[in-house]
Amino acid sequence: MDKGEPPERLHGLPSWLINQAAIPAQRLVAEALGAAGLRRYHYALMAVVAEHGAASQAELSRRTTIDRSDVVGAVNELEERGLVRRAPDASDRRRNVVTLTPAGTEIVARLDRVLADVQDTLLAPLTPEERETLVHLLARIVAHHAR
């Protein structure tokens, strides 16, 4: 056995393989977003607003599974950069609603393209059909455990 290789029994464990695949995935995404001065939290929050429209901080937390206190901090950072706007909800002044600014809309579109390139790099050894199957299977696992 090569001293750098993990035990063979690990290679048959989907949980271990998923974790090993997540390591380069997280690194590639962090590098790509970091080049824009952002983190995964930032992109996830802006993606929710881009896709679903104005949202409360609580809704952003639910949709992204980011802890509410972390949402507040990330929204603060995005607001400081002029990428989102936070304002009291007209129907419930106790609640803040987050919207994208034009600059935020622009950067989300740019990051969508950057992250598509990251996916291509990550999944380079797979055919387009294999990529589609992998995404479908992973989505089923995520949906199952989200219940």
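1. On the surface of this predicted model, Ile18, Leu134, Leu138 and Ile141 together make a nonpolar patch of about 300 Å². The element that gives the most to this patch is helix H7 (residues 128-146), which supplies three residues.

2. Ile141, one of the residues of that patch, has its place in helix H7. Its relative accessibility is 41%, and because the buried class ends at 20% while the exposed class begins only over 50%, Ile141 counts as partly exposed.

3. Helix H2, which runs over residues 14-35 and has 22 residues, reaches 32 Å from its first C-alpha to its last, and this is close to the 32 Å expected at 1.5 Å a residue. Just after H2, the backbone at Gly37 takes a positive phi of about 75°.

4. Within H2, the buried residues are Trp16, Ala25, Leu28, Val29, Ala32 and Leu33. The cover over the buried residues of H2 includes helix H1 (8-11), helix H3 (40-52) and helix H6 (102-122).

5. The largest nonpolar core holds 27 residues, of which Leu38, Leu45, Met46, Leu60 and Leu111 touch the most other members. Two or more residues are given to this core by each of H2, H3, helix H5 (68-80), strand E3 (96-100) and H6.

6. Leu38 deserves a separate entry, as a member of that group in the core. When its neighbours within four places in sequence are left aside, Leu38 is in contact with Leu33, Met46, Leu78, Arg81, Leu83, Ile107 and Leu111. Among these partners, Leu33 is also one of the buried residues of H2, while Met46 and Leu111 are themselves listed with Leu38 among the core residues that touch the most other members.

Conventions:
Residues numbered from 1 in each chain as written. Predicted model: local features only at pLDDT ≥ 70, side-chain atom pairs only at ≥ 80, totals over all residues. Heavy atoms only, no water. Helix = DSSP H or I, 4+ residues; strand = E, 2+ residues; numbered from the N terminus. Expected span 1.5 Å × (residues − 1). Buried < 20%, exposed > 50% of the residue type's maximum accessible area, 1.4 Å probe, protein only. Contact = heavy atoms within 4.5 Å. Core = buried A, V, L, I, M, F, W, Y, C linked by side-chain atoms within 4.5 Å. Patch = residues over 30% accessible without salt bridge, like charges linked within 9 Å, V, L, I, M, F, W, Y side chains within 5 Å. Areas by Shrake-Rupley, 256 points an atom, 1.4 Å probe, with all protein chains shown as cover. Salt bridge = Lys/Arg side-chain N within 4 Å of Asp/Glu carboxyl O.
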